[in-house]
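Student: Could you take me through a single part of this protein in close detail? I would like to see how its residues sit and what they pair with.

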Amino acid sequence: MSEVAMEEISALAAIYSEKDEFELLDMSEKNGITFRIQICVQSHLEDVHLKLTFYLQVSYPECQPDISVISEQLTRTQCFTIKEALLKKAASLLSEPMVHELVVWLQQNFNDIIEHSQKSICKEKESAHSSETLISAGSWTVLLRLDHMRAKEKYIRTIKKWAFELKLSGKLMFMGKLILILLQGDKNSIKFFQINDL
């Protein structure tokens with residue numbers, strides 16, 4: 001890990017020093033650094049709580065961090081849109097510590113990002129009336145196995161909602177005690193589905 005990354009982690013821990021604002025999740029010479037920052041962002045309607053998980057590779061800041069965005073107040077599509085916006089911004093900040101700048105940028109641009117996400121959702125709903133699903137050349141197909149399902153109906157509704165929001169097509173299969181989810185769609189959407197839920 002670079003000295004720059006270690007200094008940035010120390011600075012972030014000092015900046016986000018309130019209870020549960022900063023949490024170091026993992027640090028190793030081989031895998032890099034993983035940490036979570038919890039922030040509250042002001043939207044037009046309410047304060048929105050976000051959990052931003054950053055994965056800094058060993059070569060950081062020469063490469064951008066991987067980012068995960070979770071919020072109980074936002075849809076998965078909105079979280080995905082925020083993640084994509086942060087990654088795009090990070091690409092313009094290479095070769096310098098960028099995490100704090102990304103968080104500040106998100107706080108300043110949150111409402112614009114959410115409005116863009118809402119427009120995308122409206123377009124998705126309009127295109128959902130089409131009877132055919134087109135699969136792009138860059139699509140992925142994955143088969144996921146679930147160990148168990150406690151509240152079956154609620155879990156099925158949640159899986160359907162996530163698949164719709166991420167524009168994934170798929171099938172949920174029960175074969176005795178075996179529970180499988182077959183998904184097909186965009187690579188990034190499938191990765192997002194896998195990382196943030198199951």
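Tutor: Happily! Let's look at helix 4: its buried residues are Ile156, Ile159, Trp162, Ala163 and Glu165. Buried means under 20% relative accessible area, exposed over 50%, and partly exposed in between, with a 1.4 Å probe and protein chains only. Helices (H or I, at least four residues) and strands (E, at least two) are DSSP runs, numbered from the N terminus.

A word on the model before we go on. It is a predicted one, where local features need pLDDT of at least 70 and side-chain atom pairs count only at pLDDT 80 or more, while totals for chains, interfaces and linings use all residues. Residues are numbered from 1 along each chain as its sequence is written, and side-chain values use heavy atoms, leaving out hydrogens and water. The pLDDT is the predictor's confidence in each residue, from 0 to 100; here the protein averages 83, and 86% of the residues score at least 70.

Now for the length of the helix. Helix 4 covers residues 152–165, and its 14 residues should span 20 Å at 1.5 Å a residue. That expected span is 1.5 Å times one less than the number of residues. The end C-alpha atoms are 20 Å apart, so the model agrees.

Glu165, one of the buried residues, also has a partner. Its side chain meets that of lysine 161 in a salt bridge, 3.9 Å from N to O. A salt bridge is a side-chain nitrogen of Lys or Arg within 4 Å of a carboxyl oxygen of Asp or Glu. Why can these two meet? Glutamate 165 and lysine 161 are four residues apart in helix 4, so about one helical turn separates them. An α-helix has 3.6 residues a turn, so residues three or four places apart point the same way. The two partners sit in contrasting surroundings: glutamate 165 counts as buried because its relative accessibility is 11%, whereas lysine 161, at 46%, is partly exposed.

Just past the end, helix 4 is followed by lysine 167, whose phi is positive, near 55°.

To place this part in the whole, the protein has five helices and seven strands. Buried residues make up 38% of its 198 residues, and a search of the whole structure finds four salt bridges. Another of them joins aspartate 147 to arginine 145, at 3.3 Å from N to O. In that pair, aspartate 147 counts as exposed at 61% relative accessibility, and arginine 145 counts as exposed at 55%.
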